[in-house]
Amino acid sequence: MSNTTANAQNYKSKTLATWLALIGGPLGLHRFYLYGFGDLWGWLHPIPTLLGVLGIQRVEELGQDDKLAWLLIPVLGFMVAYTMLQAIAYGLMADEKWHARFNPALRADPNAPASGWAAVIGVVLALLLGATVLMATIAFSGQRYFEYQVDEALKISQ
């Protein structure tokens, strides 16, 4: 196999990594793309995601008073926000730095592929989604915390 063929097979696209983090980040798809299926962190990504989904299911089945759901739903929100931050970091990384880290054979190549508008659009969408999810998660957690405090104060005052 020639060196060019080996480089083409091992090439890691910054744009694809950004979009994988945007679309499948909570499942670790971007980690598997960049580091392979042996990546421990990639395999750990679905755990908090599934715990958060379990929290949503508990709210649907048991109602909003389920305290375990109060703990599990924010885990999903923080995981989504975290992977959106990873998408932003990938998309904003300089092409030279990207190639030095993920495509070392292209580090000194002046004709190395450059990312384009697709990576920028992925960053913008990740910023919108990540900020929205993070704000909603903080609002949900704060609301549940204060409702719990009011309920406990009512129990004490009676």
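With which residue does Lys155 form a salt bridge? In this predicted model, the partner of Lys155 is Glu152, and the closest N and O atoms of the two side chains are 3.2 Å apart. Both residues belong to helix 8, which spans residues 117-157, and they are separated by 3 residues, or about one turn of the helix. The two partners fall into separate accessibility classes: Lys155 counts as exposed because its relative accessibility is 55%, above the 50% cut-off, whereas Glu152, with a relative accessible area of 26%, is partly exposed.

The search of the whole structure returned 4 salt bridges, and the pair in helix 8 may be set beside the one formed by Lys14 and Asp95, in which the closest N and O atoms lie 2.9 Å apart. This pair links distant parts of the chain, since Lys14 is in helix 2 and Asp95 is in helix 7, with their positions 81 residues apart in sequence. Lys14 has a relative accessible area of 6% and is therefore classed as buried, the limit for that class being 20%. A further salt bridge joins the side chains of Asp66 and Arg58, with an N to O distance of 2.5 Å. Here Asp66 is buried, its relative accessible area being 11%, while Arg58 is partly exposed at 23%.

Lys12, by contrast, is buried yet takes part in no salt bridge, and the nearest side chain of opposite charge, that of Asp39, is 11 Å away. Because a salt bridge requires a side-chain nitrogen of Lys or Arg within 4 Å of a carboxyl oxygen of Asp or Glu, a separation of 11 Å from Asp39 leaves Lys12 without such a partner. The residue is placed in the loop between helix 1 (3-10) and helix 2 (14-24). A polar atom of the Lys12 side chain is nevertheless found 3.1 Å from the backbone oxygen of Tyr33. When neighbours within four places in sequence are left aside, the residues in contact with Lys12 are Tyr33, Leu34, Trp98, Phe102 and Asn103.

One of these contacts, Phe102, lies in helix 7, which covers residues 95-102. Phe102 is classed as buried because its relative accessible area, 9%, is under 20%. With residues up to four places away in sequence not counted, Phe102 touches Asn10, Lys12, Leu34 and Tyr35, and Leu34 is thus listed among the contacts of Lys12 and among those of Phe102. The C-alpha atom of Phe102 is separated by 32 Å from that of Met135, a residue 33 places away along the chain.

Burial was also examined for His30, which is located in helix 3 (residues 29-35). The relative accessibility of His30 is 0%, and the residue therefore counts as buried. Apart from residues up to four places away in sequence, the residues touched by His30 are Ala17, Leu20, Ala21, Gly25, His45, Thr83, Gln86 and Tyr90.

On the surface, a nonpolar patch of about 570 Å² is made by Leu40, Trp41, Leu44, Ile47, Leu51 and Leu54. Helix 4 (40-44) and helix 5 (46-62) each contribute at least two residues to this patch. Leu40, which lies in helix 4, has a relative accessibility of 54% and so counts as exposed, whereas Leu54, in helix 5, is partly exposed, with a relative accessible area of 38%. Membership of a patch requires over 30% relative accessible area, so the 38% of Leu54 meets this condition although the residue is classed as partly exposed.

Two C-alpha separations involving residues that are distant in sequence complete this account. Leu40 and Tyr148 are 108 residues apart in sequence and lie 37 Å apart in space, C-alpha to C-alpha. For Tyr82 and Leu134, which are 52 residues apart in sequence, the corresponding C-alpha distance is 9.0 Å. Tyr82 is placed in helix 6 (residues 67-92), and its relative accessibility of 40% puts the residue in the partly exposed class.

Conventions: Residues are numbered from 1 along each chain as its sequence is written. This is a predicted model: local features need pLDDT of at least 70, side-chain atom pairs count only at pLDDT 80 or more; totals for chains, interfaces and linings use all residues. Side-chain values use heavy atoms; hydrogens and water are left out. Patches are made of residues with over 30% relative accessible area and no salt bridge: like charges are joined within 9 Å, nonpolar side chains (Val, Leu, Ile, Met, Phe, Trp, Tyr) within 5 Å. Accessible areas come from the Shrake-Rupley method with a 1.4 Å probe; for residues, only the protein chains shown count as cover. Helices (H or I, at least four residues) and strands (E, at least two) are DSSP runs, numbered from the N terminus. Buried means under 20% relative accessible area, exposed over 50%, partly exposed in between (1.4 Å probe, protein chains only). Lys and Arg count as positive and Asp and Glu as negative; His and the chain ends are not counted. A polar contact is a pair of N or O atoms within 3.5 Å; within protein, one must be able to donate a hydrogen and the other to accept it, and residues adjacent in sequence count only if both atoms are side-chain atoms. Contact means heavy atoms within 4.5 Å.
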